[in-house]
Amino acid sequence: MSRKPVAAIMYDFDKTLSTKDMQEFNFIPNVGSTSTEFWSEVKELSMNEKMDNNLAYMYLMIDKSNGMKKSVHRQDFVNLGKNVECFPGVEDWFKRINEYGKSKQVTIEHYIISSGIAEIIEGTSIRKYFKEVYACEFYYDQNDVAVWPKNVVNFTTKTQYVYRINKGALDPSDNDTINKYVPDEERPIPFRNMIYIGDGLTDVPGMKVVKANGGHSIAVYSSNKKTARELIRDGRVNLLSKADYSENSDLDVKVKAIIDQISASHALFLKESADRKKVQKELKQKSDHSNEKSSCK
């Protein structure tokens, strides 16, 4: 167990860090559609074909791009990230929280677990702050053209990435580490050191896993509190807060309080561990001494 705890803050992206779905900033207008029309088509395709919703929207992204003779090269999707708008305070949130963690002897790691597009997130100004981004992603051919879904992150697979972070199996292709038994005390980031921030029902499985195992889940909202209130009412999350990442905002205060708790809990854990080892050593010495006396008789 490290003398310095590591805490993981995991974020959904759309409507958690960004003010709306990332496709709505540039992609949807570029293919001659509106947000309402595009998402309605996604829903219809998903229902008619009994298809995963994320696979449906990824298919329509390529289909509509081809229909409008728009390029579907990887860099084109990356470029879409440049115009993604985030909530207040997001731009300087990560440096600020990292510094606060440092002041409390806690190392902070940031992760994205999103059903959005990894390439678009890559093009945002905040990508550099994340240790890993787990999101939907396209596979590209030899001409760098999107031809197939490479990774799909939906509401149930989000829990996989929580466990990957917990066990340190960060490579999505590493199935051995993620599936093998690892004692809690040997996992790089215990659940108690996790914070999951999300905005909606698709985040519930991940948030519930974190909460149920001693971590903290926070439901954020922009203007409408309805979903966030329902999540806390039903015991699916620990806290709710407005999606304002500015210094001294409600969210800022709550996350810092959790970091304080992680720091204090880790210090107590080390003391408990030291006392346990001390007692075990004393008992072993006592047992060895008794065995020596027995052998002398």
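# Exercises on a predicted model

Of the 297 residues of the chain, 45% count as buried (under 20% relative accessible area, with exposed over 50% and partly exposed in between, for a 1.4 Å probe and protein chains only). This is a predicted model, in which local features need pLDDT of at least 70 and side-chain atom pairs count only at pLDDT 80 or more, while totals for chains, interfaces and linings use all residues. Residues are numbered from 1 along each chain as its sequence is written, and side-chain values use heavy atoms, leaving out hydrogens and water.

## Exercise 1: the sheet

Work out the strand order of the open sheet and name its edge strands.

Solution.

Step 1. Start with the inventory: the chain has eleven helices and seven strands. Both are DSSP runs numbered from the N terminus, helices being H or I with at least four residues and strands E with at least two.

Step 2. Trace the pairing, where two strands pair if DSSP finds at least two bridges between them. The seven strands run in the order β4-β3-β2-β1-β5-β6-β7, with mixed pairing.

Step 3. Look at the ends: β4 (146–151) and β7 (239–242) are the edge strands, each pairing on one side only. From one strand to the next, the twist averages 25°.

Step 4. Zoom in on one pair. Strands β1 (residues 6–11) and β5 (residues 194–198) run parallel and are joined by four bridges; Y11 has I197 as its bridge partner in β5.

Step 5. Now add a helix. Helix α7 (residues 158–167) packs on the sheet and touches β1, β2, β3 (132–140) and β5, its direction making about 160° with that of β2. Contact here means heavy atoms within 4.5 Å, and angles run from 0 to 180 degrees between N-to-C directions, with axes fitted to C-alpha atoms, for helices over the stretch in contact.

## Exercise 2: helix α7 and its surroundings

Decide whether α7 is largely enclosed or not, and describe how α7 meets α9.

Solution.

Step 1. Count the buried positions: eight of the ten residues of α7 are buried, so this helix is largely enclosed by the rest of the structure. Among them are Y161, V162 and I165.

Step 2. Find the partners. The buried residues of α7 pack against β1, β2, β3, α8 (175–179), β5 and α9 (204–212).

Step 3. Take one residue, T159, which lies in α7. T159 counts as buried because its relative accessibility is 19%. Leaving aside residues up to four places away in sequence, T159 touches P205, G206 and V209.

Step 4. Describe the helix pair. The axes of α7 and α9 come within 7 Å and cross at roughly 35°. The crossing is right-handed (the near helix is turned clockwise from the far one by less than a right angle; anticlockwise would be left-handed).

Step 5. List the contact: T159, V162 and Y163 of α7 meet P205, G206, V209 and V210 of α9.

## Exercise 3: a second helix pair

Classify the crossing of α2 and α3 by angle and by hand.

Solution.

Step 1. The axes of α2 (residues 35–49) and α3 (residues 53–67) come within 9 Å and cross at roughly 125°.

Step 2. That makes α2 oblique to α3; angles under 35 degrees count as roughly parallel, over 145 as roughly antiparallel, 65 to 115 as roughly perpendicular and the rest as oblique.

Step 3. The hand of this crossing is right-handed.
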